[in-house]
Amino acid sequence: IRSTEVPCPLDGSPIRQFHKVSSNSLGGFDSDLASYSTRGQYRTHAVSTCPVDLFSVYGEDLDLPLTEANKVSVATALANARRGLSSSDNPPVWERYGLAVVVYRSLGRHPMDLARLYLEASWTARDEAVGIYIGGLTGPQAARSILQAGKAELKKDLTVTNRKIVLHNMARVSHRAGYGDLRDQYLLAYDNAGEKNEAERSAIARFREIAHEIEPRYQHLAIGELQRALTQGDLPPGDEVLAHYLMADLLRRVGKNREAITHYKQVVPGPETEPRLLEMAAFFLSELGD
């Protein structure tokens, strides 16, 4: 990643624009299409935020032409949004994605675009909770295999240190796969696995905060925008299938399995349907008993 400094479209103050030079996909991907590089995630830097007025957009949109009417609308919306931030001086990355939604909504962007922003915001929170997992975590089938292997490993006579490592890894894999109940079981087992130092206690507390509060907040917001996108009825066929798939997976992740099944069933073959969406939808329909 490299960066340059450009003027903020709203007030002209300097703002950092990041550029992805290279990446890899060796960290695998999750069922909601979050992908992982072993060298850090570009999504952490994809949204640029002006430090003065918090104007936030994808870096590639920093040359957007704004009319005077646009500027007034965006500035007003951002001023209202500022009051809901955890820190107006240095909001966390997921809140900056939320600010980008405010800007793009003011500019009339489609709900599908806003859903993607909220989804990516949830991924940046997940990044902090789980870090980078190296070990072939490429989708839900792989996650299930890893979890089965971890279950077998925990039956062995492990040292306290090794047991904690396995339990933590299983919690991370469970979370990435969207198995919230299983994640919480592993975190509870980690609590009971022996003495922990302050760094360990802090890391697990932060994991729980992100898993139970921060990430679901943005998942629910993404669900709302996906519903609006589908209700409008103007999505191209490929995007419509994608919207149903993402809706299904997010509903599953927030514990609404019955509603998720309805949308997984809408993931149907077509010339623009990505094959892995069909595979993952079929996998979860089987897991959810339909």
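This short talk walks through three helix pairs, two cysteines and a few single residues in a predicted model.

Hi everyone, and thanks for coming. Please keep in mind throughout that we are looking at a predicted model.

Let me start with the helix pairs. The first one is H3, residues 93-106, with H4, residues 111-130. Their axes come within 8 Å, and they cross at roughly 175 degrees. An angle over 145 counts as roughly antiparallel, and H3 and H4 are therefore roughly antiparallel to each other. If you have the structure open, you can pick out the residues that touch. On the H3 side they are Val93, Trp94, Tyr97, Gly98, Ala100, Val101, Tyr104 and Arg105. H4 answers with Leu114, Leu117, Tyr118, Glu120, Ala121, Thr124, Ala125 and Glu128. Sorted by class, the contact of H3 with H4 holds 11 nonpolar, two polar and three charged residues.

On to the second pair, H5 and H6. Here H5 covers residues 140-153 and H6 covers residues 160-177. The two axes come within 10 Å and cross at roughly 160 degrees, which makes H5 roughly antiparallel to H6. For the handedness, H5 and H6 cross in a left-handed way. From H5, the contact uses Ala143, Ile146, Leu147, Gly150 and Glu153. From H6, it uses Val166, Met170, Val173, Ser174 and Ala177. What is the class make-up of the contact of H5 with H6? It divides into seven nonpolar residues, two polar ones and one charged one.

The third pair is H7, residues 180-191, with H8, residues 198-232. Their axes come within 12 Å, again with a crossing of roughly 160 degrees, so H7 is roughly antiparallel to H8. This crossing of H7 past H8 is left-handed. H7 brings Arg183, Asp184, Leu187, Leu188, Tyr190 and Asp191 to the contact. H8 brings Glu200, Ile204, Phe207, Arg208, Ala211 and His212. For those of you who like to think about charges, this contact has five charged residues, along with six nonpolar and one polar.

Let me stay for a moment with one residue from that last list, Ala211. Ala211 sits in helix H8 and is buried, with 7% relative accessibility. Leaving out residues up to four places away in sequence, Ala211 touches His175, Arg183 and Pro216. Arg183 is one of the H7 residues I just named in the contact with H8. Ala211 and Gly178 are 33 residues apart along the chain, and their C-alpha atoms are separated by 10.0 Å.

A second alanine makes a nice companion. Ala248 belongs to helix H9, residues 237-253. Is Ala248 buried or exposed? Ala248 is buried, at a relative accessible area of 0%. Once neighbours within four places in sequence are set aside, Ala248 is in contact with Ala260, His263 and Tyr264. As for Lys196, it lies 52 residues from Ala248 in sequence and 37 Å away in space, C-alpha to C-alpha.

Now the cysteines. How many disulfides does the count come to? The count comes to zero. Why is there no bond between Cys8 and Cys50? The closest cysteine sulfur to that of Cys8 is in Cys50, at 3.5 Å. A disulfide would need the two sulfur atoms within 2.5 Å, so this pair is too far apart for a bond. Seen from the other end, the sulfur of Cys50 has Cys8 as its closest cysteine partner. Both residues are out of the way of the probe: Cys8 is buried, with a relative accessible area of 3%, and Cys50 is buried, with 0%.

I will finish with some backbone geometry. Most residues other than glycine have a negative phi. Two leucines here go the other way. Leu33 has a positive phi of about 80 degrees, and Leu54 has a positive phi of about 65 degrees. Where are they found? Leu33 is in the loop between strand E2 (14-19) and helix H1 (43-46). Leu54 is in the loop between strand E3 (47-49) and strand E4 (56-58). Leu33 counts as buried at 16% relative accessibility, and Leu54 counts as buried at 2%.

That is my tour, and I am happy to take questions.

Note on methods: Residues are numbered from 1 along each chain as its sequence is written. This is a predicted model: local features need pLDDT of at least 70, side-chain atom pairs count only at pLDDT 80 or more; totals for chains, interfaces and linings use all residues. Side-chain values use heavy atoms; hydrogens and water are left out. Axes are lines fitted to C-alpha atoms, for helices over the stretch in contact, and angles run from 0 to 180 degrees between N-to-C directions. Helices (H or I, at least four residues) and strands (E, at least two) are DSSP runs, numbered from the N terminus. Angles under 35 degrees count as roughly parallel, over 145 as roughly antiparallel, 65 to 115 as roughly perpendicular and the rest as oblique. A crossing is left-handed if the near helix is turned anticlockwise from the far one by less than a right angle, and right-handed if clockwise. Contact means heavy atoms within 4.5 Å. Ala, Val, Leu, Ile, Met, Phe, Trp, Tyr, Cys and Pro count as nonpolar, Asp, Glu, Lys and Arg as charged, and the others, Gly among them, as polar. Buried means under 20% relative accessible area, exposed over 50%, partly exposed in between (1.4 Å probe, protein chains only).
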